[in-house]
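Biologist: Before I rely on the labels attached to this structure, I would like the reasoning behind them. Please take me through them.

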Amino acid sequence: IMKNTKLFLLLILSLMSLFAYPGFSQQWIIYTPQNSGIPGTIIREMVIDSTNAKWFVTDNGIARFKNNVWTVWDTTNSPLTDNNLQSIIKDKENNLWIATRDKGIFKFDGNNSWRKYYYTNIGYTIKAVNRLRVDNDNTIWVCSMTMGLLKHIQNDKWKWYHIGNSGIPDNTVNDLKFEKNIKWVATVNGGVGRFDDTSWTVYNYYNSPLQSNWIMNIGIDADNNKWFCTTFGGVAKFNSNSNQWTIYTSTNSGLTYNNTSAIFIDNFNTKWIGIQGGGFVTYNDTTWNC
């Protein structure tokens, strides 16, 4: 339930950021399977492509909303092997990458061309895919709930990082963000991993001011601060240049609860922070609003 709440909040915050401009009168429109073409009740992630089409992965297929028209792809009209989808990203060539939990990842050009990726060179079919990410070099990364982190090389060849062969702090990966060549990895029970393609540095409850080792989501703001949403530990801001931490909790900030699940940073550097269990707050580095 927490995961679905987190991703739903990411969806809402992403949509709201589209209209976060001075003079815009914000209005809420709620889309459900009953009043629209969206196929599922659980929306896990969304992206917006170069044509301004909105793409949603749900528990019942993928939907595109463009020019007020809904189009749905599922196992009946596409190569998808499962309708219960987990993640979606858009690469720099405007291709969509769509992940199922256990039945492969699909690359889709948004029209007719599909390709399935199924982890052919590592000896395992990767299970528990949690989230997809794309780095500055247009490389696809997979966050797994049981197998750590995978980097796509080419033609379904993958490099696998797990606790048995790397310094990654845990095999359950919630999120991944990129700072040039540096990878910031959010894990469950292992804190945060920083990977520079050569070595790992781990920040956790025991060696840093982090109040929790359960990291839900990462944001990097315009000042290059890293923001970590945690379970039971509020939100941590980290300036890695000065090695300075700031911890925000319900006792010293506008956070209404210390279980934080998602962060979205808009074009004005305002932080939209999702609270597990519902709702969100905003912070513009001066004022909190909820």
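The exchange below sets values against the cut-offs behind the labels, in a model that is predicted.

Biologist: Why is Trp 184 called buried?

Modeller: Buried means under 20% relative accessible area. Trp 184 has 0% relative accessibility, so it counts as buried.

Biologist: What makes Trp 184 and Phe 238 an edge-to-face pair?

Modeller: Two rings pair if their centres lie within 6.5 Å, and planes over 60 degrees apart count as edge-to-face. For Trp 184 and Phe 238 the centres are 6.2 Å apart and the planes stand at 75°. Both conditions are met, so the pair is edge-to-face. The structure holds 32 aromatic pairs, and this is one of them.

Biologist: How do you know that this pair links distant parts of the chain?

Modeller: Trp 184 is in strand β14 (residues 182–187) and Phe 238 is in strand β19 (residues 235–239), with their positions 54 residues apart in the numbering. Phe 238 is also buried, at a relative accessible area of 1%.

Biologist: What makes β13 and β14 paired strands?

Modeller: Pairing needs at least two bridges. β13 and β14 have six, in the antiparallel sense, so they count as paired. Glu 179 has Ile 182 in β14 as its bridge partner. The hairpin of these strands has two residues between them, and Lys 180 there takes a positive phi near 55°.

Biologist: Why is β13 described as largely enclosed?

Modeller: Strand β13 (residues 173–179) has seven residues and six of them are buried, so the rest of the structure largely encloses the strand.

Biologist: Why are β5 and β8 said to stand at the edges of their sheet?

Modeller: The sheet is open, has four strands in the order β5-β6-β7-β8, and is paired antiparallel. β5 (85–90) and β8 (114–117) each have a single partner strand, so one side of each has no neighbour in the sheet. Neighbouring strands here are turned by 20° against each other on average, direction ignored.

Biologist: How do you know that β7 pairs with β8?

Modeller: The threshold is at least two bridges, and four join strand β7 (residues 105–108) to β8. The two therefore count as paired, and they run antiparallel. Across from Ile 105 stands Tyr 117 in β8.

Biologist: What makes Lys 116 a charge over the ring of Tyr 118?

Modeller: The charged end must be within 6 Å of the ring centre and within 35 degrees of the ring normal. The charged end of Lys 116 is 4.4 Å from the centre of the Tyr 118 ring, which satisfies the distance limit, and it is assigned as sitting over that ring.

Biologist: Which residues surround Phe 108, and is it buried or exposed?

Modeller: Phe 108 lies in strand β7. Its relative accessible area is 0%, so it is buried. Leaving out residues up to four places away in sequence, Phe 108 touches Trp 55, Trp 73, Asn 95, Leu 96, Ile 98, Ser 113 and Trp 114. Phe 108 also belongs to one aromatic cluster with Trp 55, Trp 73, Phe 106 and Trp 114.

Biologist: Which residues touch the most other members of the largest nonpolar core?

Modeller: They are Ile 105, Leu 132 and Trp 158, in a core of 16 residues. β6 (96–100), β9 (129–134), β10 (140–144) and β12 (157–161) each supply at least two residues of this core. The contacts of Leu 132 outside four places in sequence include Ile 89, Trp 97, Ile 105 and Trp 141. A second, separate core has 14 residues, among them Ala 53, Ile 88, Leu 96 and Ile 98.

Biologist: Why is Asn 68 called exposed, and Asn 94 partly exposed?

Modeller: Exposed means over 50%, buried means under 20%, and partly exposed is in between. Asn 68 has 67% relative accessibility, so it counts as exposed. Asn 94 has 23%, so it counts as partly exposed. Asn 68 is in the loop between β3 (61–66) and β4 (69–73), with phi near 65°. Asn 94 is in the loop between β5 and β6, with phi near 70°.

Biologist: What makes Gly 167 partly exposed?

Modeller: Gly 167 has 31% relative accessibility, so it falls in the partly exposed class. Gly 167 lies in the loop between β12 and β13 and, neighbours within four places in sequence aside, is in contact with Trp 200 and Val 202.

Notes. Residues numbered from 1 in each chain as written. Predicted model: local features only at pLDDT ≥ 70, side-chain atom pairs only at ≥ 80, totals over all residues. Heavy atoms only, no water. Axes fitted to C-alpha atoms, helices over the stretch in contact; angles between N-to-C directions. Phe/Tyr/Trp six-rings, centres within 6.5 Å; stacked < 30°, edge-to-face > 60°. Buried < 20%, exposed > 50% of the residue type's maximum accessible area, 1.4 Å probe, protein only. Core = buried A, V, L, I, M, F, W, Y, C linked by side-chain atoms within 4.5 Å. Contact = heavy atoms within 4.5 Å.
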